[in-house]
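User: Please take a close look at the enclosed cavities in this structure, and at the open sheet with the helix that lies across it. What lines the former, and how is the latter put together?

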Amino acid sequence: MRRFLTSRHATPWLLLLPASVLFAVFFVAPFITLGINSFYDYGRMTGIIHVFTWKNYEKLWLDEYYLSVIGATFRLSSITALVTLVIGYPVALYLTVASPRAKSWVIALILSPLLVSVIVRTFGWAIILGKNGLIERVFTAIGIPGTDFLHTEAAVVVGLVNVLTPFVVLSVATSLQSIDPAVPLAAASLGASPLRVLSRVILPLSLPGILAGMLIVFGLASATFVTPAVLGGAKFKVLSTLMYQQAVILQNWPFAAAIAVTLTLIVLIGQGLQNMAAERSRYGASLR
Amino acid sequence: MATVELLDVRKSFGAMQAVAGVSLRIAEGEFVALLGPSGCGKTTTLNLIAGFLEPTGGDIRFDGTSVARLPPHRRNIGVVFQSYALFPHMTVAQNVAFGLEMRKLPKPQVTERVRRALDIVHLGQMEDRNSRQLSGGQQQRVALARALVIEPAVLLLDEPLSNLDAALREQMRFEIREIQQRVGITTVFVTHDQSEAMAAADRLVVMDKGVIRQVGTAREIYETPVDPFVAGFIGQANLIAGTIDRVTGGQAQVVLEDGTRVVASCRPDAHAGQAVMLMVRPEDASVSAVAPPVTAPSATPPSGGNALSGTLLRASLLGATINLGVAVGERSLSVSVPRGTALPPVGSAVFVTWDPERALLFPA
Amino acid sequence: MITAAMRRCLGAYAALVCLLAVLPVLIIVIESFTASDYVVFPPSGFSVKWYVESLQREEFLDSALLSLWVAVIASVVATALGTLVALALVRFRFPGRRVLQSLFMAPLSVPGIIFGLALLQFLASWGVARDMTAVIVGHVIIALPFAIRFVTVALIGMVANVELAAQSLGASPWVVFRRVTLPLIRPGVVASLVFAFILSFDDVAVSLFLATPGTMTLPVRIYVYIDQNYDPLITAVSAIVVMVAFLALGAIERTLGIGRLFGLR
């Protein structure tokens with residue numbers, strides 16, 4: 001052992017030791033605890049009851065109300081993914097033709113919401129969308145009074161799109177960059193109009209980036225908490241806000257754990273699909 | 001300065017044997033070039049001497065003491081890398097001083113030795129330049145000064161010239177040789193370029209597939225290569241298959257594939273009936289429009305008459321020499337003659353001839 | 001195959017999207033200078049009274065100080081650990097390397113709110129009190145993937161063989177690291193420090209579960225506050241948070257360039 005520790009083969013392991021211990025104790029173990037807790041029972045008077053039960057999952061997956069919350073989570077994430085794509089795709093397209101200066105500006109500005117505290121950003125949207133906010137003022141000025149969007153699903157989508165658009169932009173831009181610039185030119189030389197080049201050549205070739213971007217956004221949107229909590233209001237429930245309510249307000253930790261496990265599964269499935277898409281597009285690229 | 005010994009050194013990466021038992025003794029102050037095609041194990045051997053890799057078998061000794069288990073920083077070696085590997089965040093002087101600081105030399109002594117080392121490589125005025133502002137050749141010299149200033153037991157050069165342009169490369173190979181002679185340091189030089197090795201080194205070590213094929217001076221290896229691989233790697237060689245018919249006094253009569261009989265010098269162990277490869281260097285052969293006089297094949301001792309008839313395909317002037325391509329049966333032979341030699345016209349029938357003393361036989 | 005006219009349209013569109021991206025922050029900063037006592041658009045008058053007020057509110061000051069401490073410690077620890085991990089992963093080949101690499105990247109895949117809940121339940125199950133250390137540990141773990149990534153990029157971009165050269169000149173592994181490796185990966189280390197700092201300073205999801213009334217980071221304090229009411233005071237506090245983040249952002253742009261962090265180019 002002593003010889004091992006002083007030999008060169010020990011070096012990487014010694015370098016990895018502190019982070020590995022930290023991860024084992026404060027990352028892996030907590031998730032194991034969470035998994036175990038999700039199978040425990042809970043009583044309002046007794047707290048956590050350490051007996052095995054499927055109850056939490058049965059409740060979450062079979063009860064009509066909780067099913068509707070799962071549905072709302074899927075719905076919100078899907079709408080957000082679609083809207084970010086529609087908004088982000090032209091921006092990605094612009095990045096491929098922009099001057100380097102313009103490009104770095106757009107990237108910096110588009111990414112900036114990621115580096116601003118989610119709570120501040122969300123609060124900003126609350127002011128814009130809420131009573132006496134920018135939107136209501138504009139709509140009143142053009143003759144449509146009483147448009148308070150705060151605490152609606154639309155408000156949540158706006159808040160999510162704001163922070164998640166960069167993921168679609170970067171993903172699609174990477175995909176667009178990998179297109180051989182001669183290919184669209186070839187299509188044009190064969191008589192395709194710019195719009196047809198876009199729809200028949202560029203769009204299909206950027207499909208991997210579109211898919212990856214949407215899946216990333218779906219995964220991230222499904223598990224955000226602050227945006228639906230602040231912009232959606234108390235009545236708008238998705239899995240993350242439901243989980244917070246169960247854990248912090250109702251103190252039902254086993255049920256909160258079951259929600260967390262379910263949410264993790266949704267996120268991981270999204271990621272698995274994304275990896276599969278990336279793998280397939282790499283395969284496609286190697287065929288070309 | 002030290003002697004360097006490799007004793008049956010082996011190194012494998014997984015199933016791949018990069019160095020498969022190399023033994024070599026390098027004398028104090030000797031300049032040895034490891035030479036071979038890429039993947040022959042020469043760089044791995046250098047890394048083993050440096051200590052960047054640990055051998056999987058065998059031993060490495062500096063002055064008789066094993067260093068095989070010592071990490072590089074305790075071996076007292078100087079290394080010049082192909083990419084120079086100058087420290088980009090340090091000036092020229094700081095780069096050269098680094099090794100001396102590691103040896104905890106007092107400041108005034110460091111300054112003095114850095115100055116001397118830079119003078120040796122003709123960079124006396126460059127001390128305060130940033131290493132990134134230097135040309136390739138200058139970086140090369142800084143790297144050399146940095147390796148030499150610590151007075152290492154052995155200087156290791158890993159393809160140090162391959163990133164320089166052709167003219168500079170030519171100049172640096174003699175300069176490295178000159179500096180090495182002046183400092184008198186044991187040096188191992190890795191290269192895939194035979195002319196580089198021949199210009200700089202006392203001895204060449206030709207490697208292939210992880211083993212040493214031949215060790216010797218440039219002249220020994222060029223004139224008496226041990227096998228077709230070495231013959232083809234060092235200089236050019238025409239190789240023709242044949243069978244020994246008769247051996248007489250260090251010379252053998254060989255029947256070539258097409259039935260032609262020729263004479264060549266052979267090894268003592270050559271015997272009749274042996275399958276061989278005949279080697280003739282292009283510059284040892286010549287062409288003529290008429291067949292040389294032939295003595296009867298039965299005459300003893302056999303002499304002259306080494307002639308293959310063919311067609312002159314092309315003649316290309318390469319500067320000091322003219323390279324000729326002659327089609328002999330299925331094969332094309334290469335012949336090199338001095339510029340100004342009178343030649344038959346291209347396309348005419350010619351005879352390729354050579355002095356039997358200059359032709360070698362290898363067991364096939 | 002994009003015409004000049006299309007290019008101009010796309011440019012105008014991209015500018016609009018960029019404006020929308022920064023709009024909420026812009027609004028916050030504008031509102032924070034209002035002279036009125038309630039949030040209304042457009043703000044009436046100009047005053048800095050809400051900044052003065054926010055600096056006098058002890059709970060915000062305490063939270064800000066706590067957030068700063070947590071962010072500084074978490075970013076230093078995450079960067080130190082991340083540097084060690086990156087060195088091991090880039091400079092060595094050993095069995096299990098890929099597995100460890102994915103493990104250290106895993107926090108990127110797990111939503112912060114779930115990790116926060118998991119850490120909460122884990123600490124509680126062992127009867128460990130939630131304090132500042134718990135928040136720091138949580139932030140170190142979510143920042144570590146970024147630290148590893150930044151330092152890895154810097155290590156890969158290093159001039160070849162300089163570490164071997166230093167070794168051959170007699171430098172021990174530690175001296176090689178201090179005199180050669182560290183100075184050359186400094187941009188990556190700085191980026192990691194700054195990014196981890198922002199990540200920690202802005203985090204709500206993980207801190208939300210770990211915070212107690214005594215250890216409430218600034219973003220959590222803001223969240224709790226606007227859950228009940230919002231007034232110009234909180235816009236001033238938010239504007240301060242944004243400024244801290246943007247100072248850090250400027251530092252990253254100057255050391256590395258933002259696009260490179262996200263793998264573009």
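Analyst: Angles here run from 0 to 180 degrees between N-to-C directions, with axes fitted to C-alpha atoms. The model is predicted. In chain B, helix H1 (residues 42–50) lies across E1, E2 and strand E4 (57–62), and runs at about 115 degrees to E1(B). These strands belong to an open sheet of four, paired antiparallel in the order E2-E1-E4-E5 (chain B). Strand E2 (16–26) and strand E5 (65–66) of chain B each have a single partner strand and stand at the edges, so one side of each lacks a neighbour in the sheet. Strand E1 (residues 4–13) of chain B is joined to E2(B) by eight bridges; in this pairing, Leu24(B) of E2(B) is the bridge partner of Leu6(B).

As for enclosed space, there are two cavities of 30 Å³ or more. The largest holds about 50 Å³. Its lining consists of Arg267(B), Asp269(B), Ala270(B), Gln274(B), Val276(B), Leu361(B), Phe362(B) and Pro363(B). Strand E20 (residues 360–363) of chain B contributes the most to this lining, with three residues. By class, five lining residues are nonpolar, one is polar and two are charged.

The second largest cavity has a volume of about 40 Å³. Asn238(B), Ile240(B), Val280(B), Ala285(B), Leu333(B), Val352(B) and Trp354(B) form its lining, and at least two residues come from each of strand E11 (238–248) and strand E19 (349–354) of chain B. Here six lining residues are nonpolar, one is polar and none is charged.

Key
Residues are numbered from 1 along each chain as its sequence is written. Chains are lettered from A and ligands numbered from 1 in the order in which they are written. This is a predicted model: local features need pLDDT of at least 70, side-chain atom pairs count only at pLDDT 80 or more; totals for chains, interfaces and linings use all residues. Side-chain values use heavy atoms; hydrogens and water are left out. On a 1 Å grid over the protein atoms alone, a cavity is a set of points where a 1.4 Å probe fits but cannot get out, and a pocket is an open set with protein on both sides within 12 Å along at least five of seven lines; lining residues have an atom within 4 Å of a point. Grid points are joined across faces, edges and corners, and a volume is the space filled by probe spheres set on the points. Ala, Val, Leu, Ile, Met, Phe, Trp, Tyr, Cys and Pro count as nonpolar, Asp, Glu, Lys and Arg as charged, and the others, Gly among them, as polar. Two strands pair if DSSP finds at least two bridges between them. Contact means heavy atoms within 4.5 Å.
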